Amino acid sequence: MQVEVITLFPDMVEQGLSAGVPRIAREKRALQLSVRNPRDYADNPHRAVDDRPFGGGPGMVMQAPPVVASIEAARAALPQARVIAMSPQGTPLTQAWLQHLADVPELILLCGRYEGWDERIMPYIDVEISLGDFVLSGGELAAMALIDGVARLLPDVLGHKDSAKEDSFVEDLLDCPHYTRPASWRGVSVPELLLSGDHARIRQWRLQQALGATWLKRPDLLGRLTLCDEWEALLADFIEQQQSVRKVQA
Ligand code: SAH
């Protein structure tokens, strides 16, 4: 997959995606990243790309000509790419979005700064995506979050091919709890079953814990699901266990 990031801070994006899974994805050529700086398209000696807002008010606004010239250059390099603008006004980024984007061959991500960009760039954007209902000072962290989330879904990037399949949100459920050595630590042992080698029961326990974690922490996600009889029974059992633990504690 080829990704171009249009940013006033190319080093930040380059460096931020030079570690961990994105680095592996780049080394394996599953992800080819390039950065483009709108300053290279500014037509003034100071390479300024922002100016004061018409109508007054605080802050600066990214100007349409250098931003659109960068988008057009990126589009010439990646003709199949959709242009995604990172924006708090966009549709929220979800695992479903990442899965969709992991299947496209080319992407262009636009990062804003200051108060954002001149509204006249909007016809050159295909979709706006937000990291959440809060305001960052720039789109770079949002673009890096999106690329990181996509990189780990690209074929052959993660060590184990099923690693990404059991994560939170993949089935609209949160992930189950994980444990590793030591088996007993500060008087707390890992659940006995996990040491049993009984893979069928371990799988069932993990599913039940995932259902339970979702019920406890994100009931809104469960509300969206229609549970089959098996899942319904596992969750009912989890809830009963929780209630008896609470009774013992009370
Ligand atoms: N005035 C704008 C915010 C500008 S913040 C507004 O209120 O809508 C500057 C830049 O940071 C934005 O152009 C965008 O690229 C980025 N940004 C800020 N918050 C973001 C978020 N939640 N998700 C994605 N990008 C964000």
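Colleague: Let's start with a single residue: what does Glu240 count as, buried or exposed?

Modeller: Here's the idea: buried means under 20% relative accessible area, exposed means over 50%, and partly exposed lies in between, using a 1.4 Å probe and protein chains only. Glu240 has 56% relative accessibility, so it counts as exposed. Before we go on, this is a predicted model, where local features need pLDDT of at least 70, side-chain atom pairs count only at pLDDT 80 or more, and totals for chains, interfaces and linings use all residues. Residues are numbered from 1 along each chain as its sequence is written, and side-chain values use heavy atoms, with hydrogens and water left out.

Colleague: Where does Glu240 sit?

Modeller: Glu240 is in helix α8, residues 229-249. Helices (H or I, at least four residues) and strands (E, at least two) are DSSP runs, numbered from the N terminus. The protein chain has eight helices and nine strands.

Colleague: Why do you call the chain more spread out than a compact globule?

Modeller: You set the radius of gyration, taken over C-alpha atoms, against the globule rule, which is 2.2 Å times the number of residues to the power 0.38. For 250 residues the rule gives 18 Å, and this protein chain comes out at 23 Å, well over that, so it is more spread out than a compact globule. Its C-alpha atoms fill a box of roughly 70 × 40 × 40 Å along the principal axes.

Colleague: Which domains does the assignment give?

Modeller: Domain bounds come from an automatic or database domain assignment. Here that gives domain 1 (2-151) and domain 2 (169-249). Their centres, taken over C-alpha atoms, are 39 Å apart.

Colleague: How are Glu240 and Glu72 placed relative to each other?

Modeller: They are 168 residues apart along the chain, and 59 Å separate their C-alpha atoms. Glu72 belongs to helix α3, residues 64-77, and counts as partly exposed at 44% relative accessibility. From Glu72 to Gln15, 57 residues apart in sequence, the C-alpha separation is 25 Å.

Colleague: What about contacts: which residues does Asp118 touch?

Modeller: Contact means heavy atoms within 4.5 Å. Leaving aside its neighbours within four places in sequence, Asp118 is in contact with Val61, Met62, Gln63 and Ala64. Asp118 lies in the loop between β6 (106-110) and β7 (127-130), yet it is buried, at 17% relative accessible area. Over the chain, 74% of contacts with a separation of 6 or more are between residues 24 or more positions apart.

Colleague: Which residues have backbone angles I should look at?

Modeller: Try Arg29 and Asp172. Arg29 has a positive phi of about 65° although it is not a glycine. Arg29 sits in the loop between α2 (20-27) and β2 (32-36) and is exposed, at 57%. Asp172 also has a positive phi of about 65° and is not a glycine either. Its place is the loop between α5 and β8, where Asp172 counts as partly exposed at 24%. That loop, between α5 (140-151) and β8 (184-185), holds Pro182 too. The peptide bond from Arg181 to Pro182 is cis, with omega near 5°.

Colleague: And how much of the chain is buried, and how much area does it expose?

Modeller: Buried residues make up 40% of the 250. Accessible areas come from the Shrake-Rupley method with a 1.4 Å probe, and for residues only the protein chains shown count as cover. The chain exposes about 14800 Å², with carbon and sulfur atoms supplying 52% of it.
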